[in-house]
Amino acid sequence: MKKVEAIIKPFKLDDVREALSEVGITGMTATEVKGFGRQKGHTELYRGAEYVVDFLPKMKLELVVNDDQVDRCVEVITNAARTGKIGDGKIFVTDVLQVVRIRTGEQDQDAI
């Protein structure tokens, strides 16, 4: 099993969710986060005063998928989240050692 974490632009969340559903991946957690990379924030004007916004709003998606679904999952997220502009985000894939469904006690593949 693998954990796929994707940091994407907030307005791309529905596109990514729909694209994942179309390929049979339905479970995910979405969290509103803030961060920056190469984008490095921007300046805004508020009541006549200019200020720097260092941390930009992003969405963090977390999915646990079977090993055979990882490549397809990454491909779908990449295609659905891409705008072609700086700040589109990143995807991280890590190993998952154990999963337990709290309600039933099912473990690993049965718990996904």
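Which residues of the largest nonpolar core touch the most other members? Before I answer, please keep in mind that what we are looking at is a predicted model. The core holds 17 residues, and those that touch the most other members are Ile8, Val16, Leu20, Leu63, Cys73 and Ile77. If you ask where this core comes from, strand 1, which runs over residues 2–8, helix 1 at 13–22, strand 5 at 56–65 and helix 2 at 70–81 each supply at least two of its residues. Helix 2 gives the largest share, with six residues.

Let me stay with helix 1 for a moment. The buried residues in this helix are Val16, Ala19 and Leu20. Looking down the axis of helix 1, you would find its buried residues within an arc of 100°, and so they line one face of the helix. What covers them includes strand 1, strand 5 and helix 2. Val16 shows this at the level of a single residue: leaving out residues up to four places away in sequence, Val16 touches Ile8, Leu61, Ile77, Ala80 and Ala81. Once helix 1 has ended, the chain comes to Gly24, which has a positive phi, near 90°.

On the other side of helix 1 in sequence, in the loop that joins strand 1 to helix 1, we meet Lys12. Is this lysine buried or exposed? Lys12 counts as buried, because its relative accessibility is 13% and the cut-off for buried is under 20%. Apart from neighbours within four places in sequence, the residues in contact with Lys12 are Ala80, Ala81, Arg82 and Thr83. Ala80 and Ala81 also appeared among the residues that Val16 touches.

Let me turn now to the strands, beginning with Val33, which sits in strand 2, residues 29–35. With a relative accessible area of 25%, Val33 is partly exposed. Which residues does Val33 touch, not counting residues up to four places away in sequence? They are Leu56, Pro57, Lys58, Met59 and Lys60. For Met59 we also have a distance: Val33 and Met59 are 26 residues apart in sequence, while their C-alpha atoms are 5.7 Å apart in space.

Ile91, in strand 6, is likewise a partly exposed residue, with a relative accessible area of 28%. Setting aside neighbours within four places in sequence, Ile91 is in contact with Val4, Glu5 and Ala6, and also with Val74, Ile77 and Thr78. Ile77, you will recall, was named among the core residues that touch the most other members. From Ile91 to Lys60 the separation is 31 residues in sequence and 9.5 Å in space, C-alpha to C-alpha.

Phe55 belongs to the loop between strand 4, residues 49–53, and strand 5. At 47% relative accessibility, Phe55 counts as partly exposed, and its contacts, leaving aside neighbours within four places in sequence, are with Lys34, Gly35 and Phe36. Phe55 and Gln107, by comparison, are 52 residues apart in sequence and 38 Å apart in space, C-alpha to C-alpha.

Next, the pockets. Rolling a probe the size of a water molecule over the atoms shows where empty space is left. The largest pocket contains about 310 Å³ of space. Its lining is made up of 14 residues, and Phe36, Gly37, Arg38, Gly89 and Lys90 are those nearest its centre. Strand 2 and strand 6, the latter at residues 89–95, each supply at least two residues of that lining, with strand 2 giving the most, three residues. By kind, the lining of the largest pocket is four nonpolar, five polar and five charged residues.

The second largest pocket has about 240 Å³ of space. There are 13 residues lining this second pocket, and closest to its centre are Gly27, Met28, Leu63, Val64 and Ile112. Strand 5 gives the most to this lining, with four residues. Here the division is six nonpolar, five polar and two charged.

I will end with a backbone detail in the segment after strand 6, where Asp108 is placed. Asp108 has a phi near 55°, which is a positive value in a residue other than glycine. At 29% relative accessibility, Asp108 counts as partly exposed.

Conventions: Residues are numbered from 1 along each chain as its sequence is written. This is a predicted model: local features need pLDDT of at least 70, side-chain atom pairs count only at pLDDT 80 or more; totals for chains, interfaces and linings use all residues. Side-chain values use heavy atoms; hydrogens and water are left out. A nonpolar core is a set of buried Ala, Val, Leu, Ile, Met, Phe, Trp, Tyr and Cys residues joined through side-chain atoms within 4.5 Å. Buried means under 20% relative accessible area, exposed over 50%, partly exposed in between (1.4 Å probe, protein chains only). Contact means heavy atoms within 4.5 Å. The arc is that of the directions from the helix axis to the C-beta atoms. On a 1 Å grid over the protein atoms alone, a cavity is a set of points where a 1.4 Å probe fits but cannot get out, and a pocket is an open set with protein on both sides within 12 Å along at least five of seven lines; lining residues have an atom within 4 Å of a point. Grid points are joined across faces, edges and corners, and a volume is the space filled by probe spheres set on the points. Ala, Val, Leu, Ile, Met, Phe, Trp, Tyr, Cys and Pro count as nonpolar, Asp, Glu, Lys and Arg as charged, and the others, Gly among them, as polar.
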